[in-house]
Amino acid sequence: MRPARLMQGNQACAEGMIAAGVRFFAGYPITPSTEVAEILAEELPKIGGKFIQMEDEIASMGAVLGASLTGVKAITATSGPGFSLKQELIGYGCMAEIPCVIVNVQRMGPSTGLPTSPAQGDVMQARWGTHGDHGIIVLSPGSVKETFEVAVACVNFAEKYRTPVILLLDEVIGHMRERVELPEARDIHIENRKVPACAPEEYQAFKPDADGVPPMAPFGEGYYYHVTGLVHTYGGMPAGPGPITDEIVHRLESKITRAQKDITLYTEDGIEGAEVLVITYGGSSRAAGAAVKEARKKGAKVGLLKLVTLWPFPCELILEKTKHAKTIIVPELNMGQLVGEIERYTGRDRVVSVTRVDGELFEPEEIVEPILAAGGKK
Amino acid sequence: MALQINKKYCKGCGICVAFCPKQVLELDELGKVYEKSPEACIQCGQCELRCPDYAIQVIRGAKGAGQ
Amino acid sequence: MAVIEKYLRQSALPHIWCPGCGNGILLASILRAIDKVQLEQKKTVIVSGIGCSSRASGYMNFNTVHTAHGRALPFASGIKLANPELNVIVITGDGDSTAIGGNHFIHACRRNIDITTIIFNNSIYGMTGGQSSPLSPLGAMATTSPYGHVERPFDIAALAIAAGATYVARGTAYHAVALTDIVAKGIQNKGFSVIDAITQCPISYGRKNKMGGPAQMMQWQKDNAVLISAAAKMKPEELAGKFVIGQLHQSNAPEYITEYEKVLAKAQGRGGEAK
């Protein structure tokens, strides 16, 4: 482990990206994500990486996709309003299978909302913000250290599955400072996109391997191919309705869902034998964790499941961990976005949704109360 | 013949017919280009230059052209 | 034709453009320019937006990217910055580059990033059936200007020059040979190059504006184009209704990639120039 440092969440994000091999950032200033851009503006050139502040959020996303096509790991960072602007090109990244990471440091919405207040209101948008059926991977860390680790995981998943990946931070984790001990570079596992084993004449840029992911040749090496957002053949050329379309739409989703186990990151504590289960994620997991501790002191048998991977939704994990719980409590800094997915698999009867949308963080008591109420205690 | 015509590519737009300085070309009953007066062709290359569909080419050094 | 064969994806032909559309002529002119300058085929990347113009990239045998509407320049900028060894050529349309892509256009000019952009300018949105574009003339007919267009068009050359492009030229489908020359010069310019390539859309623009068929529209290009050297000697009345072709502007200015290379040197303590 490297020596302990006091670090901001956004900084841990930037450092995680660098550790994962990211060497290109294009972005636009927007609170509360701007520190990611500023840190990378300074750090990337030192290691031969490239940074550019583009003219708007859409241009940033375009530049990231372009850079990735040359074989470079590329990311951008933004918040709600910028995340909304990027949606069309995020979908392009899905269709054209271009690895990249979009960091969304969530703030209160909708619209301009509260630029400096936390929220978790973009969970559904991260899944469905871009039009059309598509698969996507979304991770949400709950601490500064976890932000570093999740940044690495996001880049790795993007490379491995040839897809855009969304890192859902929020204003509280992004801007808080914690003492962290980061791993040594040699202890960090890095994934790189598959490159073709065949000769250029035989290469088909969108022909999947057995794992559903096509190898990706970088530009500039004689592997000529066409990249388009239109539905396309294995060779990348535009195609029409029918079997090719059916196959591609299914594969863009299945290449990710079949890897659910590999993609699903989470932590758990004390679920065995607990009657009450708190399912939490992201910034509100801090209050949830404190609430669980407090409730246990008061005699409650309560477990904690902290999801890091939100999409593809870890339904198997949820089914497994909620099997014996009589009550499932889901605190979210939104009007209840992930809770609907949970209810879909557990049934609505057992689930208690705890929401807060005033731009403030949960007080642990707000979560302690329903835990105790569920156990018949007060 | 000094010209090579690919009828599969030709869309019968008439540009080559209009700009041929020697009126060599015409559109046939199916609307595709053909050499009406091949002996008049001077291999100037205007048809090849202005065909949007790469359907007509001058065969360089071909015999039987007008010059 | 023999010259450009290796640069075409033959299996994708015949292309989708309408009979008489000038885009195929522009495409061949660009390929001849690439050949003239002897760009390394594997190091050349073609990036296009969305529209009839932007279907060109699919027919070109290089690394090609058919992006989203208006977004060719951001993709191209990312490609060039990430790998400056690549020669990046952008093919876009008048709507793609000056309407939805307008912001990216002026910033690419301002950065003077070493990319060559060819605007397939047919004064209309062809792919979607003939709507007006920011380069449609005042009074022109279009499906969304059924009473005649009430907006003035951009002077695209003036816009590019004011925004900072260091090479600006105009050509037409009729003047295909000259077009190859200006595209070649644009590629050779180390900076942002803009080539306004006037082309005919006989099916939408031509029919709605009673300009005759493809050959007549190209005759119109021939009759109304004035070479810049000739235009300099003409009176304003003589130039009314005409448009100027040839090299319109060339200048020197700091080029983005070169400047960023200094940043890399400075950040790595290799003694870049402090500016």
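Biologist: Let's start with chain C: what percentage of its 275 residues count as buried?
Modeller: Keep in mind that we're looking at a predicted model. A residue is called buried here if 20 or more other C-beta atoms lie within 10 Å of its own. Go through the 275 residues of chain C with that test, and the buried share is 55%.

Biologist: And what radius of gyration does chain C have, next to that of a compact globule with 275 residues?
Modeller: Picture the box first: along the principal axes, the C-alpha atoms of chain C fill roughly 65 × 45 × 35 Å. A compact globule with 275 residues would have a radius of gyration near 19 Å, and chain C agrees with that, so the value you want is 19 Å.

Biologist: What is chain C built from, in helices and strands?
Modeller: Contacts tell you how the chain folds back on itself: of those between residues at least 6 apart in sequence, 66% join residues at least 24 apart. As for the elements of chain C, the secondary structure comes to 11 helices and 10 strands.

Biologist: Which residue in E4(C) stands opposite C:Ile91?
Modeller: Look at strand E3 (residues 87-93) of chain C and strand E4 (residues 115-121) of chain C, which run parallel and are joined by six bridges. Now go to C:Ile91 and look across into E4(C): the residue opposite is C:Ile118.

Biologist: Which strands of chain C does helix H6 (residues 176-188) touch as it packs on the sheet?
Modeller: Helix H5 (residues 156-163) of chain C is a good place to start: it lies across E4, strand E7 (167-172), strand E8 (193-198) and strand E10 (243-250) of chain C, at about 165° to E7(C). H6(C) packs on the sheet too, and its direction makes about 160° with that of E7(C). The strands that H6(C) touches are E4, E7, E8 and E10 of chain C.

Biologist: Which strands stand at the edges of the nine-strand open sheet?
Modeller: Read off the order, which has mixed pairing: E9(A)-E2(C)-E1(C)-E3(C)-E4(C)-E8(C)-E7(C)-E10(C)-E9(C). Neighbouring strands are turned by 20° against each other on average, ignoring direction. An edge strand here has a single partner, so one side is left without a neighbour in the sheet, and that describes E9 of chain A and strand E9 (225-227) of chain C.

Biologist: So chain A puts a strand into that sheet. What is the bridge partner of A:His226 in E2(C)?
Modeller: Strands of a sheet pair through backbone hydrogen bonds, either parallel or antiparallel. Here E9(A) and strand E2 (residues 63-66) of chain C pair in the parallel sense, over three bridges. Follow A:His226 across to E2(C), and the partner is C:Thr64.

Biologist: Which element gives the largest share of the side of chain A that touches chain C?
Modeller: In this contact, 37 residues of chain A meet 34 residues of chain C. Strand E2 (24-27), helix H2 (34-46), strand E3 (50-53), helix H3 (57-69), helix H5 (87-95) and strand E9 (226-228) of chain A each supply at least two residues. By class, this side of chain A has 22 nonpolar, nine polar and six charged residues. The largest share, nine residues, comes from H3(A).

Biologist: How many charged residues are there on the side of chain C that touches chain B?
Modeller: There, 18 residues of chain C are in contact with 16 residues of chain B. Helix H1 (23-37), H6 and helix H8 (214-224) of chain C give two or more residues each, and the largest share, four residues, comes from H1(C). Sort that side of chain C by class and you get 13 nonpolar and five polar residues, while the charged count is zero: there are no charged residues.

Biologist: Back to chain A: which element gives the most to the side of domain 1 that touches domain 2?
Modeller: Chain A is divided into domain 1 (1-263) and domain 2 (268-374), with C-alpha centres 28 Å apart. Across the boundary, 28 residues of domain 1 of chain A are in contact with 21 residues of domain 2 of chain A. By class, the domain 1 side has 18 nonpolar, eight polar and two charged residues. With four residues, the element that gives the most is H6(A).

Technical notes: Residues numbered from 1 in each chain as written. Chains lettered and ligands numbered in written order. Predicted model: local features only at pLDDT ≥ 70, side-chain atom pairs only at ≥ 80, totals over all residues. Domains from an automatic or database assignment. Contact = placed C-beta atoms within 7 Å. Nonpolar A, V, L, I, M, F, W, Y, C, P; charged D, E, K, R; others polar. Pairing = 2+ DSSP bridges. Axes fitted to C-alpha atoms, helices over the stretch in contact; angles between N-to-C directions. Rg over C-alpha atoms; globule rule 2.2 N^0.38 Å. Buried ≥ 20, exposed ≤ 12 C-beta atoms within 10 Å, placed from the backbone.
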